[in-house]
Structure formats: structure tokens, C-alpha cells
Amino acid sequence: MLLDGRLANSCLIPAALLEGRSVVTIEGYRNTARFDLLKACFEKAGAVQCGFCTPGMILAAEALLCQNCNPTQAEVRAALAGNLCRCTGYNMIVEAVLLAAREGGKLWLKPTGL
Ligand code: FES
């Protein structure tokens, strides 16, 4: 999830600490134009197989691209670290995020609308 705009492991944060804070989950994020772009880029790059890891990868990409809309491959890899994928392999996922950065342009500079 994104907690106050930053990537956070939802399983490690007690619900009592969320009062008054901004929480964005993949369920809410999927109603945004940026989700549509990331989804399309993950599909184009062949970066999804079972989809188990995908919500975390997508939200990690969102957190990265909002801070850095033109990341290097190394920056993408660092931003995705901790999200484990057993199916796709990381190269296609990294390519999907780089593709989203290229295709999104100024989209990453705007608020999500959430
Ligand atoms: S697509 Fe299956 S774990 Fe990543």
C-alpha cells in the first residue's frame, strides 16, 4: 500500500496507526489513469504471469515514478526490491516500469486523483 504517498508493507502496520493518514491500496489505485498506463505497460512487456506479485510491483512503480519520473534501470530495480516474483522474472518487470516512465511523461507529475 501507499501510506501518505510512500510505499509501505501493509502487513507490518497496525490498523490503529492509520487514523488520519492517506492509505492507497491497489483496489483504489486501479481507478486511476496511472494504473491504466502501468497495466498496459506490464502487459506490453510481458511482465505478468500469475499476478501474485503484481499489486506490490504496481504500487512500488507508482511510488517510484511519482518521485522520479525518469528512473534508471538501477533505480527501478532498487525501487522494486523486496517484491518477490516467482514467475515472470525481474527483467520484464523492470522493462515495464521503464516503459511506463517513457510513455507516461507528465502523467507522473500530477496527483493520482485519489
Ligand atoms: S507473476 Fe507470478 S509471482 Fe510474479
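Valine 76 is a good place to enter this structure: leaving out residues up to four places away in sequence, Val76 touches Leu64, Pro71, Val94, Val97 and Leu98. The model is a predicted one. Valine 76 sits in helix α4. Its relative accessible area is 0%, so Val76 counts as buried. Alanine 60 is 16 residues from valine 76 in sequence, and their C-alpha atoms are 9.1 Å apart in space.

One of the contacts of Val76 leads onward to valine 97. Setting aside residues up to four places away in sequence, Val97 touches Phe42, Ala61, Leu64, Leu65, Val76 and Leu80. Valine 97 is also among the residues that touch the most other members of the largest nonpolar core. The others in that group are Tyr29, Leu38, Phe42, Leu80 and Ile93. The core itself holds 32 residues. Five helices each give two or more residues to this core: α1 (26–29), α2 (33–44), α3 (54–67), α4 (73–80) and α5 (90–104). As a general matter, nonpolar side chains in soluble globular proteins tend to be buried together.

Now follow α5. This helix has 15 residues. From first C-alpha to last, α5 reaches 21 Å, close to the 21 Å expected at 1.5 Å a residue. Its buried residues are Ile93, Val94, Ala96, Val97, Leu98, Leu99, Ala100, Ala101 and Gly104. What do the buried residues of α5 pack against? They pack against α2, α3 and α4.

After α5 comes glycine 105, with a positive phi near 50 degrees. Lysine 106 lies in the segment after α5. Its relative accessibility is 66%, so Lys106 counts as exposed. Lysine 39 is 67 residues away from lysine 106 in sequence. In space, the two are 17 Å apart, C-alpha to C-alpha.

Next comes α3. It has 14 residues and reaches 20 Å from its first C-alpha to its last. That is close to the 20 Å expected at 1.5 Å a residue. Is α3 largely enclosed or not? Ten of its 14 residues are buried, so α3 is largely enclosed by the rest of the structure. The buried residues are Thr54, Met57, Ile58, Leu59, Ala60, Ala61, Glu62, Ala63, Leu64 and Leu65.

One of these is glutamate 62. Is glutamate 62 buried or exposed? Its relative accessible area is 2%, under the 20% cut-off, so Glu62 counts as buried. The side chains of Glu62 and arginine 34 are joined by a polar contact of 2.7 Å. Apart from neighbours within four places in sequence, Glu62 is in contact with Leu2, Tyr29, Arg34, Leu38, Trp108 and Thr112. Two of these, Tyr29 and Leu38, have already appeared among the core residues.

Leucine 2 leads to the sheet. Its bridge partner in β2 is leucine 7. Strand β1 (residues 2–3) pairs with β2 in the antiparallel sense, over two bridges. The sheet is open, with three strands in the order β2-β1-β3 and antiparallel pairing. The edge strands are β2 (6–7) and β3 (23–24), each pairing on one side only. Aspartate 4 lies in the loop between β1 and β2. Its phi is near 50 degrees, a positive value in a residue other than glycine. At 40% relative accessibility, Asp4 counts as partly exposed.

Another loop runs between α4 and α5, and threonine 88 lies there. Its relative accessible area is 9%, so Thr88 counts as buried. A polar atom of the Thr88 side chain lies 3.4 Å from the backbone nitrogen of glutamine 49. Not counting neighbours within four places in sequence, Thr88 is in contact with Gly46, Ala47, Val48, Gln49 and Ile93.

Last, the cysteines. How many disulfides does the structure hold? It holds zero. Cysteine 50 has a relative accessible area of 55%, so Cys50 counts as exposed. Cysteine 53 is at 12%, so Cys53 counts as buried.

Definitions and conventions: Residues are numbered from 1 along each chain as its sequence is written. This is a predicted model: local features need pLDDT of at least 70, side-chain atom pairs count only at pLDDT 80 or more; totals for chains, interfaces and linings use all residues. Side-chain values use heavy atoms; hydrogens and water are left out. A nonpolar core is a set of buried Ala, Val, Leu, Ile, Met, Phe, Trp, Tyr and Cys residues joined through side-chain atoms within 4.5 Å. Buried means under 20% relative accessible area, exposed over 50%, partly exposed in between (1.4 Å probe, protein chains only). Helices (H or I, at least four residues) and strands (E, at least two) are DSSP runs, numbered from the N terminus. Contact means heavy atoms within 4.5 Å. A disulfide is a pair of cysteine sulfur atoms within 2.5 Å. Two strands pair if DSSP finds at least two bridges between them. The expected span of a helix is 1.5 Å times one less than its number of residues. A polar contact is a pair of N or O atoms within 3.5 Å; within protein, one must be able to donate a hydrogen and the other to accept it, and residues adjacent in sequence count only if both atoms are side-chain atoms.
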